[in-house]
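Work through the exercises below with the sequence and the 3D structure open, and try each task before reading its solution.

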Amino acid sequence: MNNFKTNQEHDYSKVLSLNGWVLLFLGVLAFVGWISGIYLLSSFRSDYIPMAPATAISTMAFGIILISGAYNPVKVRYKWYTIAVSIFFSLYGFITFLGFFWNNVNFLEDRLFPVTFTISNFPINHMSPYSGLLFFFCGMAFVINILFAGRKNLPNLISSLGLVVAFAGFIAVLGYLFGTPFLYGGHIIPLSLPTSIAFLLLGLALIAMAGPKGIFLRQFIGNSANARVLRAILPVVLSAIILEDLLDIYISDDLRINPALLLSLLTIIFSILTTLVVVRLTRNIFRSTEKAEREIEIQKIKFQQLFENSPIGIVMLDEDQKVLAINKSFETIFQFTTDEIQGKNINETIVPTDKIEESLILLYQIEKRDGLFCYM
């Protein structure tokens with residue numbers, strides 16, 4: 001089963017499409033801001049760096065790929081379009097990244113988007129080198145997903161690239177959320193707020209595109225206790241940490257409360273609330289697990305009764321055709337006790353010497369057809 005098929009089964013196509021629409025909206029909003037001169041549309045605040053024109057166009061292009069489903073290798077008519085677009089914006093981003101660190105030479109940006117004014121000594125219409133590198137990762141992920149569909153380690157690679165992009169966007173968004181944007185005091189063009197949101201969404205889209213076989217998403221998928229605990233606890237813990245820090249920042253500034261005292265009180269309150277939520281969620285999770293284990297135990301007892309009381313001789317074998325167990329009817333038919341035959345090769349024990357080759361062929365055909373090691 002290929003990647004896209006798996007995504008459809010888990011309905012990730014809707015997540016990808018939704019992310020694509022938000023990316024397209026952010027890109028169009030920023031581009032309209034540049035055309036109209038209303039830079040607030042591409043920055044959300046006048047003192048923040050706006051999204052660069054090249055970044056806005058790249059965001060729109062990747063948004064359209066997600067909306068159209070062109071990342072799907074099955075959609076042949078979109079295949080080469082997606083590859084061409086992804087490679088173009090990947091190379092553009094990578095050249096921007098290299099150019100900035102190579103004597104600050106950025107000939108593409110200088111020719112296409114000449115500097116008209118700056119904010120905090122940053123050319124506001126040039127793509128950040130970090131944006132260039134992250135766009136390179138995104139574009140290569142789309143290309144690899146199409147060209148190498150079905151490869152064993154492909155989901156892990158795409159999921160890893162998505163995790164890097166999402167983490168970069170998440171860190172940058174947190175910086176704006178706490179009122180301390182990254183890189184504003186240095187010489188490297190920082191990620192704008194809309195760009196940070198775009199990369200967070202793009203990274204999550206790549207993780208969803210990798211599907212449940214990806215190294216990140218498979219930790220949260222399924223009914224195992226680990227997956228349930230992670231799905232329940234991780235969002236609660238992250239939300240509590242972020243909310244606590246936000247309250248610490250805004251309440252201490254507005255109410256002029258001692259920061260150390262406020263932080264201590266918030267830590268105690270959120271520790272208690274988080275513990276209560278986690279205990280309740282964990283109790284529900286393990287209650288479901290215990291119920292499933294009881295069901296499994298009942299099915300085991302039913303199978304054991306059927307196995308022991310069947311009038312047909314049944315033998316259970318391992319992959320090497322060695323006997324694991326036999327029932328009473330088998331003992332009666334072949335005159336072997338469990339102790340006498342257990343651990344021995346079934347063909348060498350009950351098949352005549354001149355019929356061993358024929359028996360192996362028949363056994364192979366049954367295995368190939370049924371994939372079972374329980375024969376009667």
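**Exercise 1.** Which backbone oxygen lies 2.8 Å from a polar atom of the side chain of T96?

*Solution.* Begin with the basis of the work: this is a predicted model, in which local features need pLDDT of at least 70 and side-chain atom pairs count only at pLDDT 80 or more, while totals for chains, interfaces and linings use all residues. Residues are numbered from 1 along each chain as its sequence is written, and side-chain values use heavy atoms, with hydrogens and water left out. Next, find T96 in helix α4, residues 76-101, where helices are DSSP runs of H or I with at least four residues, numbered from the N terminus. The backbone oxygen that lies 2.8 Å from a polar atom of its side chain is that of Y92.

**Exercise 2.** Describe how F135 and F199 are arranged, and state which helices they tie together.

*Solution.* A pair of aromatic rings is described by the distance of the centres and the angle of the planes. Rings of Phe, Tyr and Trp (its six-membered ring) pair if their centres lie within 6.5 Å, and planes under 30 degrees apart count as stacked, over 60 as edge-to-face and the rest as tilted. F135 and F199 are 4.8 Å apart, centre to centre, with 55 degrees between the planes, and the pair is tilted. F135 lies in helix α6 (residues 129-147) and F199 in helix α8, so the pair ties together parts that are 64 residues apart in sequence. Finally, ring pairs link F135 and F199 into a cluster with F62, F88, F89 and F142.

Key:
Polar contact = N/O pair within 3.5 Å; in protein donor to acceptor, adjacent residues only side chain to side chain. Helix = DSSP H or I, 4+ residues; strand = E, 2+ residues; numbered from the N terminus.
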